[in-house]
Amino acid sequence: MKDEYANILTDKMDAESFAKLDAIDNEALHTFVADAVQLGRPDSVKVCDDSDADVRYIRERAIEIGEEVPLAVDGHTVHFDGYNDQARDKERTKYLVPEGMDLGGRLNAVGRDEGLAEVRDILDGAMEGKQAYVRFFCLGPTDSRFSVSCVQVTDSCYVAHSEDLLYRPGYEQFKKVEGGDFFRFMHSAGRLESPHGHPVSADVDQRRVYIDIVDDRVYSANTQYAGNTVGLKKLALRLAIRKADREGWLAEHMFVMGVHGPGDRVTYFTGAFPSACGKTSTAMLPGETIVGDDLAYLRGVDGEARTVNVESGIFGIIRDVNGDGDPVIYNVLTTPGEVIFSNVLVKDGRPYWLGMGCELPEEGVNHSGPWHKGKTDEQGNEITASHKNARYTVRIADLSNRDPRADDPAGVPVGGVIYGGRDSDTSVPVTESFDWAHGIITMGAALESETTAATLGAEGVRKFNLMSNLDFLSMPLGKYIQNNLDFAADLTAVPRIFATNYFLKGEDGKYLNGMLDKAVWVKWMELRVHGDAEGIDTPTGRIPRYEDLKRLFREVRDKDYSQEDYVAQFTIRVPENLAKIDRIEKIYREVSDAPDVLFQTLAAQRQRLEALRDAKGDYVSPLEL
Ligand code: SPV
Ligand code: MN
């Protein structure tokens, strides 16, 4: 290591930590770590490798400093984020854009020099009085064409511990990195206060997540919520989208799952759903196998689309996880093993959450401190027992439904891609696109969803969210769509594309489907990938035939599926679909680099819908198609 870095670091590290860093012969790494240490000024720095001893150190230290509290079940802990630090902060998440670079508007950006100065000023001395941790992880399996090495410097043991559950160890892998080809994250929870006995970021009004796309570096300050702080999750996704653009692959906000078809057939699907729209519960469907629930990299390899789970764990929404709907997760959450609960209610060492399927205690401790039923906050809003965005963090290796190929360095082949949103009145429960471009444009690029508690702001508002990736897009929208369109060009087996909607409501405002009906939709999609079921052409794509669903409902759910239900669910709603096209076109008219084919494809869909309306009216039963 160069003397200038060694001088800074030996001051803060013991010989063992220094030796671990020095053993990675990479000047770009040493530069980053020395700079982060000089900026944050922690009292000491611990460098961790992949050893069990270091992983244990972090786990125990999180408890020692109070960031996590042990629960009654062995290996379970709870972490509380501050009352106003419960979700991703979109507003104060910004790209640092160098002069002359155009990200195509729409994205939240600040000039690079100005933004760097601002966030570095906030981080100046932010680690004082604390220990900082240097961790190495790998995005995607190690020793794979998909691998992306990462280094995280953080002063939060909760963040470092979460990363142990969520990512593959990357210290040894890092030794193979050439030059600056890795992602860097510096995080500080900032000044801490403990109004309720556990330390939380005191200055959340000074919260920042600033993404430096020039240096593949992200700074996060004055926050603890994992979506803002765990570098490898949504912060890395933003860097990965640009890396994928440079290198000709795709970085997506998608689950990866194996759907089990007839015989021993397993067909892999990726699925993009905005937060809290049934994404994890789809990946966790009983009888199927999970590769990952949130992030996927896709590459064309020898004419085949292949994908990996970027992560190795789940940071999942705990609300409504119960023994009936999510038996596998529920089992992990209630038996000994490593689990971090966040922002749940705790009473007598037991975690409780909304929708867990039992009576909740009337009092306990939650993210607001001591809690009792009916407690209100300063604005007079009722504080629920657990936060609606309360989470659990677990390893996929601990799940009984882990797919055997979950860590395959070659990835798994992609048979189908699913786009799903929360849509109460427009789309039928499942549709297959006519082809790749039709799916990318009318399903992926036109994805909308009604908002949920996973990000700050009002709930229930319909929001445009292309590929469910809008929050993380770090490049012009049009180019990103074009990259998705181009992805299929070199493939000999092009994955099929589907749209799902689990949230369609009838005229009475009630959901038309049960939450487990998605188990049937995935089986139908699996059959379609292999040409084993027919589809009915509609203006918006192909939908299932009643006979096929009736058989599948019997097989998968042991339920009688009535023709009446089928008609209610699969009636083509022409006015709503036309209104959606109007909304989407309006958005893209303001996207300067939107590809022409996007407008052509939407226009063709409008024509098909109008022709159907002229022939059969506004609401057309699938039996009439
Ligand atoms: C999401 O909100 O999409 C998540 C959780 O997966 S977060 O880490 O907050 O992004
Ligand atoms: Mn997500």
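## Domains and a ligand between them

In this structure, 13 residues of domain 2 are in contact with 12 residues of domain 3. The model is predicted, so please keep that in mind as you look around.

Let us start with the domains. The domain assignment divides the chain into domain 1 (3-79 + 88-247), domain 2 (251-312 + 406-624) and domain 3 (315-398). Taken over C-alpha atoms, the centres of domain 2 and domain 3 are 30 Å apart.

Now turn to the ligand. Where does ligand 1 lie? Domain 1 and domain 2 both give residues to the shell around ligand 1, so the ligand lies between these two domains. The space that ligand 1 takes is the largest pocket.

Which residues can you find around ligand 1? The surrounding residues are Arg-88, Tyr-225, Gly-227, Lys-233, Lys-234, His-253, Ser-275, Asp-294, Phe-315 and Arg-391. Sorted by class, this shell has five charged, three polar and two nonpolar residues.

Some side chains in the shell have an N or O atom paired with an oxygen atom of ligand 1, and the table gives the distances.

| Side chain | Partner | Distance |
|---|---|---|
| Ser-275 | oxygen atom of ligand 1 | 2.6 Å |
| Lys-234 | oxygen atom of ligand 1 | 2.7 Å |
| His-253 | oxygen atom of ligand 1 | 3.2 Å |

How much of ligand 1 does the protein bury? Taken alone, ligand 1 exposes 280 Å², and the protein buries 96% of that area.

To follow this in the 3D view, begin with Lys-234, His-253 and Ser-275, which are among the residues surrounding ligand 1.

Methods
Residues numbered from 1 in each chain as written. Chains lettered and ligands numbered in written order. Predicted model: local features only at pLDDT ≥ 70, side-chain atom pairs only at ≥ 80, totals over all residues. Heavy atoms only, no water. Near = heavy atom within 4 Å. Polar contact = N/O pair within 3.5 Å; in protein donor to acceptor, adjacent residues only side chain to side chain. Areas by Shrake-Rupley, 256 points an atom, 1.4 Å probe, with all protein chains shown as cover. 1 Å grid on protein atoms, 1.4 Å probe; cavity = no way out; pocket = protein on both sides within 12 Å on 5 of 7 lines; lining within 4 Å. Sits in = over half its atoms within 2 Å of the grid points. Nonpolar A, V, L, I, M, F, W, Y, C, P; charged D, E, K, R; others polar. Domains from an automatic or database assignment. Contact = heavy atoms within 4.5 Å.
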